[in-house]
Amino acid sequence: MSAEMTKPSAPSPGAVAQEQFLTILSREDALARFEAALFPRELASEVRLLGDALGFPLAHDVVAAVDVPPFDRSNVDGFAVRSADLASAGEAAAVRLSLNGETIACGTAPTLAVMPGTATPIATGGPLPRGADAVVMVEHSEPAGERAVDIRRAATAGQFVSYAGSDIARGEVLLRAGTVIGSREIGMLAASGVARVSVVRRPRVAIISTGDELVQPGEPLRPAAIYDTNGAIVTAAIVENGGDASFLGAFPDEETALEKVIREALRAFDMVVMSGGTSKGEGDVCHRIVARLGKPGIVAHGVALKPGKPLCLAVSDGKPVIILPGFPTSAMFTFHDMIVPVLRRLAGLPPRADAQVAAKVPVRIASEPGRAEFVMVSLVEADDGLIAYPSGKGSGAITSFAQADGFLRIDALADQMPAGTATQVTLFTPHVRAPDLVIVGSHCTGLDIVTGDLARAGLSVRSIAVGSLGGLAAARRGECDLAPIHLLDEATGSYNTPYLAEGLELVPGWRRMQGIVFREGDARFAGLGAEAAVQAALRLPSCLMVNRNQGAGTRILIDRLLGGARPDGYWNQPRSHNAVAAAVAQHRADWGMTIAPVAHANGLGFIPFAEEHYDFALVTARRSRPAVQAFLAALRSEANRRALEAAGFRPA
Ligand code: AMP
Ligand code: MG
């Protein structure tokens with residue numbers, strides 16, 4: 001919204017926010033408005049020493065002030081001659097030349113002319129003396145006493161000579177404005193004697209994180225707080241794209257104090273990038289502050305992007321002011337999609353060239369119609385090309401960003417991308433490197449112990465956590481080498497084997513003890529076995545449980561222990577062993593069921609109940625692959641078995 005569009009009667013800040021958020025722009029419209037408010041503009045330049053200019057774009061054309069080489073120069077070690085003297089030289093007829101009384105080394109200016117019938121010894125790089133027009137290589141000469149040489153080859157004029165200005169001619173445009181200075185450009189500039197260059201000054205960018213919950217990495221985490229991820233990641237991404245980044249810190253959602261920080265940042269910097277506090281929530285104050293900074297003000301608030309809808313773009317008296325969404329992955333996507341193009345233009349850099357590859361999606365990906373959706377994917381190689389696995393984690397997951405190879409885009413109009421769709425994946429790195437071993441299924445920290453050997457042997461392992469059933473489906477489709485599974489067949493009471501389809505074989509992994517977790521010192525559970533502990537909990541209505549999701553092997557065990565009871569907390573059904581432990585450790589529940597290593601890692605009390613079998617469904621057709629063989633060897637190795645035991649697992 002431009003300032004002219006806000007009502008003169010100055011509506012309350014809340015009303016302004018509502019009004020702005022109702023206008024959701026397409027990403028193209030939002031970017032066009034943002035760029036129109038910023039460009040064209042004159043980019044600030046500065047003079048830098050050549051040694052400090054790496055990575056900067058040149059602000060002006062550089063014109064060569066000298067010839068390179070500055071004189072006619074010998075390219076070989078040999079003799080400076082007059083080519084006419086050697087016209088009759090041949091294998092059978094040597095021409096004898098008498099030597100002039102000087103030797104021209106590199107950096108030595110000649111003093112004697114080469115007269116007919118004479119030659120002057122010259123080193124590579126030496127300036128050609130007056131009279132000479134060619135150089136004969138020392139290999140093609142024979143000494144004839146102290147003061148003469150015999151030459152048995154004719155020489156053409158100009159042979160082994162680089163003429164003055166043949167490399168770079170004085171007055172020639174050496175490098176164009178906009179060229180990014182790399183080592184080769186530095187070489188050219190140094191060869192022409194240039195010590196200082198005028199480059200585009202890096203835009204100075206202030207980074208501000210906002211939120212009462214934020215704590216800087218390195219500080220202890222207080223209850224309900226989280227580490228400030230955006231501060232670090234945005235700072236790094238700004239440097240990667242030509243900005244001079246200054247992280248100012250994380251600030252609470254306190255309007256007056258925050259406004260002061262932002263206004264100071266706008267005075268000292270060329271651009272301000274904030275994150276958090278951009279939604280319509282009560283505590284979200286950033287966009288209200290931004291709305292009353294300089295002109296034209298907010299140009300887009302609400303963009304049809306997923307993740308990233310609450311993105312807010314503003315320009316304050318020529319300076320870009322951005323509020324990125326709070327969730328780190330949303331912040332990163334919007335940063336790369338909407339901010340990088342503008343930042344690079346301000347830095348004088350060319351647009352980013354991101355590599356793309358074709359890949360197929362193995363599963364249906366649901367999408368919300370009306371917003372262009374970005375989905376991070378991990379790439380694996382199947383028989384007929386690349387497969388793009390959507391990263392299964394929620395919008396707040398930062399690991400999905402680090403582990404993904406790139407992302408795909410689902411059009412704003414589509415409500416899904418059907419399984420089997422051939423699509424384009426934009427890569428985060430310039431090349432795809434297909435992993436040597438692909439593991440798709442249920443993740444376990446024990447897996448990290450086993451795959452450590454492979455990593456040390458230089459084999460790359462990609463592990464994609466999609467749960468046991470998802471892993472089995474991937475194995476059946478031939479998209480992975482191994483699927484880690486822990487599935488209890490209720491009918492037979494046995495693990496995993498009943499789930500194997502044709503073409504898959506079972507490789508035994510390890511056993512994980514499942515049991516009841518409670519806080520150490522909770523007298524309600526002390527000294528009891530698992531059945532007795534659950535019975536005790538059921539007798540106390542204030543004793544709150546945490547369950548597991550339907551389909552989890554652990555859930556089957558819990559239901560067995562509860563025998564049809566539905567105590568308070570039963571509907572709290574997190575999807576991981578770690579979430580159960582966290583709920584108990586943080587007093588959000590009093591007991592639940594998880595595996596022993598997780599209980600111990602969280603410092604919780606643990607009552608063992610039943611062993612779960614964590615095994616691998618191996619795609620038989622891939623058994624002989626070197627990486628699969630390396631994995632099987634690592635699984636059997638004594639050292640790894642001991643390490644698994646030390647971590648609380650029991651190797652099978
Ligand atoms: P907000 O837009 O402030 O409502 O934030 C949305 C979500 O992103 C909340 O869960 C915040 O805790 C989280 N968040 C906001 N800023 C950061 C940050 N700098 N680092 C990590 N998470 C954040
Ligand atoms: Mg916030």
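# A tour from hairpin to ligand

Begin with β20 and β21, which make a hairpin with 2 residues between them. In the turn, pick Asp 317: its phi is positive, about 45 degrees. Keep in mind throughout that this is a predicted model.

**Stop 1: the hairpin and its neighbour**

Select residues 312-316, which are strand β20. Is this strand mostly covered or mostly open? Mostly covered: 5 of its 5 residues are buried. Colour the two faces separately. One side carries Cys 312, Ala 314 and Ser 316, the other Leu 313 and Val 315, and both sides are covered.

Now add residues 319-324, strand β21. β20 and β21 are antiparallel and share 5 bridges. Find Val 315 again; Pro 320 of β21 stands opposite.

Next, show strand β18, residues 296-301. β18 also runs antiparallel to β20, joined by 5 bridges. Here the residue to label is Gly 297, which stands opposite Val 315. Val 315 therefore faces a residue in each pairing: Gly 297 in β18 and Pro 320 in β21, while counting as buried itself.

**Stop 2: ligand 1**

Centre the view on ligand 1. There are 17 residues around this ligand. Which of them come nearest? Select Glu 213, Asp 228, Thr 229, Gly 277 and Gly 326.

Turn on distances to the ligand oxygens.

- Glu 213: a side-chain N or O atom lies 2.5 Å from an oxygen atom of ligand 1.
- Gly 277: here the backbone supplies the N or O atom, at 2.7 Å from a ligand oxygen.
- Phe 327: again a backbone N or O atom, 3.1 Å from an oxygen of ligand 1.

**Stop 3: a six-stranded sheet**

Move to the open sheet of 6 strands. Trace the order β7-β4-β6-β5-β9-β8; the pairing is mixed. Which strands stand at the edges? They are β7 (134-137) and β8 (141-143). Each has a single partner strand, so one side of each lacks a neighbour in the sheet. Look along the sheet: neighbouring strands are turned by 40 degrees against each other on average, direction ignored.

Zoom in on β7 and its pairing with β4, residues 78-81. The two are antiparallel, with 4 bridges. Label Gly 78 and Met 137 of β7; these residues stand opposite one another.

**Stop 4: the cysteines**

Select the cysteine sulfurs. How many disulfides does the structure hold? The count is 0. Go to Cys 444. Its closest cysteine sulfur belongs to Cys 480, 17 Å away, which is too far for a bond. Cys 444 is buried, because its relative accessibility is 3% and the limit for buried is under 20%. Then jump to Cys 106, which counts as exposed at 52% relative accessibility.

**Stop 5: Ile 595**

Finish at strand β35, residues 592-595, where Ile 595 is found. Is Ile 595 buried or exposed? Buried, because its relative accessibility is 3%.

Show what surrounds this side chain and backbone. Beyond the neighbours within four places in sequence, Ile 595 is in contact with Arg 512, Met 513, Gln 514, His 577, Phe 606, Glu 612 and Phe 649.

For a last distance, add Tyr 495. Ile 595 and Tyr 495 are 100 residues apart in sequence, and their C-alpha atoms are 16 Å apart in space.

Technical notes: Residues numbered from 1 in each chain as written. Chains lettered and ligands numbered in written order. Predicted model: local features only at pLDDT ≥ 70, side-chain atom pairs only at ≥ 80, totals over all residues. Heavy atoms only, no water. Buried < 20%, exposed > 50% of the residue type's maximum accessible area, 1.4 Å probe, protein only. Contact = heavy atoms within 4.5 Å. Pairing = 2+ DSSP bridges. Axes fitted to C-alpha atoms, helices over the stretch in contact; angles between N-to-C directions. Disulfide = S-S within 2.5 Å. Near = heavy atom within 4 Å. Polar contact = N/O pair within 3.5 Å; in protein donor to acceptor, adjacent residues only side chain to side chain.
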